[in-house]
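Me: I would be grateful for a close look at a single part of this protein, namely its nonpolar interior. Please set that part in the context of the whole chain.

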Amino acid sequence: MSYVDQHLMPGERVVYRARQHWIIFAWPGGLLVLALGWMIAAGQIPAIERYWPLAAFPGALGLFLGVAPLVKYLTSEYAVTDRRVIIKVGLLQRRSLETLLGKIEAIGVEQGLLDRLIDRGTITITGTGGTREAFANVSNPLEFRRQVQARIAALERGGAASPALVATGAGYAAEPRQERECPWCAERILVRARICRFCGRDVTVTGEM
């Protein structure tokens with residue numbers, strides 16, 4: 001059973017899952033292709049036929065370098081549920097994040113030109129109080145952000161009947177949201193917000209004036 005499935009609360013359901021991008025296999029995959037290409041060439045070109053064992057070096061190196069990204073790929077999970085964002089990266093050096101949707105102030109996506117072409121990026125989650133957590137090499141990061149924003153919007157549309165969930169000793173209880181307008185985009189954000197989750201701008205200085 002996956003980390004996400006093991007840590008779901010009663011009644012909680014996963015609405016979206018993401019993975020590490022395949023680009024993490026670029027180097028080991030390239031070496032394996034090189035080894036395979038050399039073996040094929042050695043079998044078809046008599047002049048280099050006796051050198052086909054040379055393919056063993058890049059092949060072995062590719063397999064060796066592929067172990068770490070394979071383990072990271074299989075043990076890294078990114079999930080959006082109807083209540084939280086749950087992220088776990090790594091096996092021995094584990095890094096995890098479990099944040100209630102009502103506690104998320106902004107979710108940013110960083111992508112360079114290559115990242116946009118292959119659809120990967122770094123997602124940065126900003127929580128109440130200005131805490132930030134960044135996770136790199138996420139596949140389809142824009143869709144991940146869209147899913148988070150959609151779930152937050154769904155909670156906010158419920159109004160007073162769907163307040164943020166906060167942890168209590170007995171489980172999860174309702175806590176009314178105290179909101180104000182963002183001075184930049186006029187969207188509704190938490191009173192204690194430092195960064196607007198809609199426009200991504202700093203609202204601390206302007207909001208206090």
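Reply: The accessible surface of the protein comes to about 12,400 Å², and carbon and sulfur atoms hold 59% of that area. This is a predicted model. Of its 209 residues, 35% count as buried, a class that requires under 20% relative accessible area. The secondary structure consists of six helices and 11 strands. Among contacts with a separation of 6 or more, 50% join residues 24 or more positions apart.

The interior itself may now be considered. In soluble globular proteins, nonpolar side chains tend to be buried together. Here, the largest nonpolar core has 18 residues. Within this core, the residues that touch the most other members are Tyr78, Val85, Ile87, Phe135, Phe144 and Val148. Two or more residues of the core come from each of the strands β1 (14-18), β2 (77-81), β3 (84-89), β5 (104-110), β6 and β7, and from the helix α5 (141-157). Another core, of six residues, lies apart from it; Ile189, Ala193, Cys196 and Val203 are among its members.

Two of the contributing strands deserve further attention. Strand β6 covers residues 120-127 and strand β7 covers residues 132-139. These strands pair in the antiparallel sense, over six bridges. One residue pair can be located precisely: Thr126 has Arg132, in β7, as its bridge partner. Four residues stand between the strands of this hairpin, where Gly129 takes a positive phi near 90 degrees. The hairpin thus leads back to the interior, for both β6 and β7 give two or more residues to the largest core.

Note on methods:
Residues numbered from 1 in each chain as written. Predicted model: local features only at pLDDT ≥ 70, side-chain atom pairs only at ≥ 80, totals over all residues. Heavy atoms only, no water. Pairing = 2+ DSSP bridges. Core = buried A, V, L, I, M, F, W, Y, C linked by side-chain atoms within 4.5 Å. Buried < 20%, exposed > 50% of the residue type's maximum accessible area, 1.4 Å probe, protein only. Contact = heavy atoms within 4.5 Å. Areas by Shrake-Rupley, 256 points an atom, 1.4 Å probe, with all protein chains shown as cover.
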